[in-house]
Amino acid sequence: MIWGLGRDMIVHGADPLNAEPTRAALAESELTPDGTFYVRNHGPIPQISPAEWRLRVGGLVSRPLQLSLARLQRDFTAHEVVAALQCAGNRRAGLLKVRDIPGEAPWGPGAMANARWTGTRLADVLAAAGLAGSLPDGEGLTESTGHVAFGAPDVSGLASPPQPFGGSIPVGKAMQGEVLLAWAMNGQPLPAVHGGPVRVVVPATSARAA
């Protein structure tokens, strides 16, 4: 097995690692187990010690922050949300039957999964950083005036030159309570293959990737 993947996973590539479960495995439970959860990567999987991981919050905030995982868990209330994730390439194999898409994996219907995520609300961290009062008029940012951008440690060799993977969501969405900085998945510490030690979980949206 690779990175704890189940034996029935369909591996589309090992470097970077991309894999999906069979339909039967995906349908076995409402919450998708770690080893059955699809894996989508654009580069090598970062291996970061939870003790060394840091969250840096900057930009249009009045109080820039640098938070360890321990502080994120200690200083902010933990919340849970059950949310399904889906790769944008789900069912691409059907498209490939019509026309070739060079360099893209033939994803079947298994590039989706459901899990119970535990973490800190992104809105709470942004509030602690002073996002709401960062503008001179005191009105703060709204969905129409900006985005919250995320920078990941993952480096994609697909870009020229290679660069970190990232994404963004509107500020209005970032301030909604279901958006989490998740450190646990189905009650267990978030594994590196699924974005650990911490990943952003944004239900009911399509993030803008970069």
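Okay, alanine 204: you'll find it in the loop between S11 and strand S12, which covers 208-209. Keep in mind that this is a predicted model. What is phi like at alanine 204? Phi there is near 55°, a positive value in a residue other than glycine. Alanine 204 counts as exposed because its relative accessibility is 77%.

There's another residue to put beside that. Arginine 91 isn't a glycine either, and its phi is positive, about 65°. Look for arginine 91 in the loop between strand S5, residues 78-86, and helix H3, residues 92-96. Arginine 91 is exposed too, at 51% relative accessibility. The cut-off for exposed is over 50%, so with its 51% arginine 91 counts as exposed.

Step along to arginine 92, and we get to salt bridges. How many does the structure hold? Five. One of them pairs glutamate 104 with arginine 92, with the closest N and O atoms 3.2 Å apart. Glutamate 104 sits in the loop between H3 and S6, while arginine 92 is in helix H3, so this pair ties together parts that are twelve residues apart in sequence. Is arginine 92 buried or exposed? Buried, at 13% relative accessibility. Its partner, glutamate 104, is partly exposed at 34%.

Here's another one with a buried residue in it. Glutamate 178 and lysine 173 meet through their side chains in a salt bridge, 2.8 Å from N to O. Lysine 173 counts as buried with 9% relative accessibility, and glutamate 178 as partly exposed with 25%. There's also a little network: salt bridges with shared partners join Arg71, Arg74 and Asp75. Within that group, aspartate 75 bridges to arginine 74, and their closest N and O atoms are 2.8 Å apart. Arginine 74 is exposed at 61% relative accessibility, and aspartate 75 is partly exposed at 39%.

Right, aromatics next. A pair of aromatic rings is described by the distance of the centres and the angle of the planes. This structure has two such pairs. In the pair of phenylalanine 37 and tyrosine 38, the ring centres are 5.6 Å apart and the planes are at 15°, so the pair is stacked. Phenylalanine 37 also pairs with tryptophan 117: those centres are 5.8 Å apart with the planes at 80°, so that pair is edge-to-face. And that second pair links distant parts of the chain, since phenylalanine 37 is in the loop between H1 and S3 and tryptophan 117 is in strand S6, residues 112-121, with the two positions 80 residues apart. Put together, Phe37, Tyr38 and Trp117 form one aromatic cluster. How buried are they? Tryptophan 117 has a relative accessible area of 0%, phenylalanine 37 is at 1%, and tyrosine 38 is at 10%, and each of these counts as buried.

Let's stay in that loop for a moment. Asparagine 41 is in the loop between helix H1, residues 23-26, and strand S3, residues 54-57. Asparagine 41 is buried, with 7% relative accessible area. What does asparagine 41 touch, leaving out residues up to four places away in sequence? Pro16, Leu17, Asn18 and Asp154. With leucine 17, a polar atom of the asparagine 41 side chain lies 2.9 Å from the backbone oxygen.

Pro16 brings us to cis peptides. Aspartate 15 and proline 16 are joined by a cis peptide bond, with omega about 0°. Proline 16 is in the loop between S1 and strand S2, which runs 17-20. There's also a cis bond from glycine 196 to proline 197, with omega near 10°, and proline 197 is in the loop between S10 and S11.

Next along is valine 198, in the loop between strand S10, 188-189, and strand S11, 199-201. Valine 198 is buried, at 13% relative accessible area. Setting aside residues up to four places away in sequence, valine 198 touches Trp53, Leu69, Leu181, Ala182, Trp183 and Leu190.

Last stop, the surface. Which residues make a nonpolar patch of about 250 Å²? Ile2, Trp3 and Val11. Isoleucine 2 comes in the segment before strand S1, residues 10-14, and isoleucine 2 is partly exposed, with 37% relative accessible area.

Conventions. Residues are numbered from 1 along each chain as its sequence is written. This is a predicted model: local features need pLDDT of at least 70, side-chain atom pairs count only at pLDDT 80 or more; totals for chains, interfaces and linings use all residues. Side-chain values use heavy atoms; hydrogens and water are left out. Patches are made of residues with over 30% relative accessible area and no salt bridge: like charges are joined within 9 Å, nonpolar side chains (Val, Leu, Ile, Met, Phe, Trp, Tyr) within 5 Å. Accessible areas come from the Shrake-Rupley method with a 1.4 Å probe; for residues, only the protein chains shown count as cover. A salt bridge is a side-chain nitrogen of Lys or Arg within 4 Å of a carboxyl oxygen of Asp or Glu. Helices (H or I, at least four residues) and strands (E, at least two) are DSSP runs, numbered from the N terminus. Buried means under 20% relative accessible area, exposed over 50%, partly exposed in between (1.4 Å probe, protein chains only). Contact means heavy atoms within 4.5 Å. A polar contact is a pair of N or O atoms within 3.5 Å; within protein, one must be able to donate a hydrogen and the other to accept it, and residues adjacent in sequence count only if both atoms are side-chain atoms. Rings of Phe, Tyr and Trp (its six-membered ring) pair if their centres lie within 6.5 Å; planes under 30 degrees apart count as stacked, over 60 as edge-to-face and the rest as tilted.
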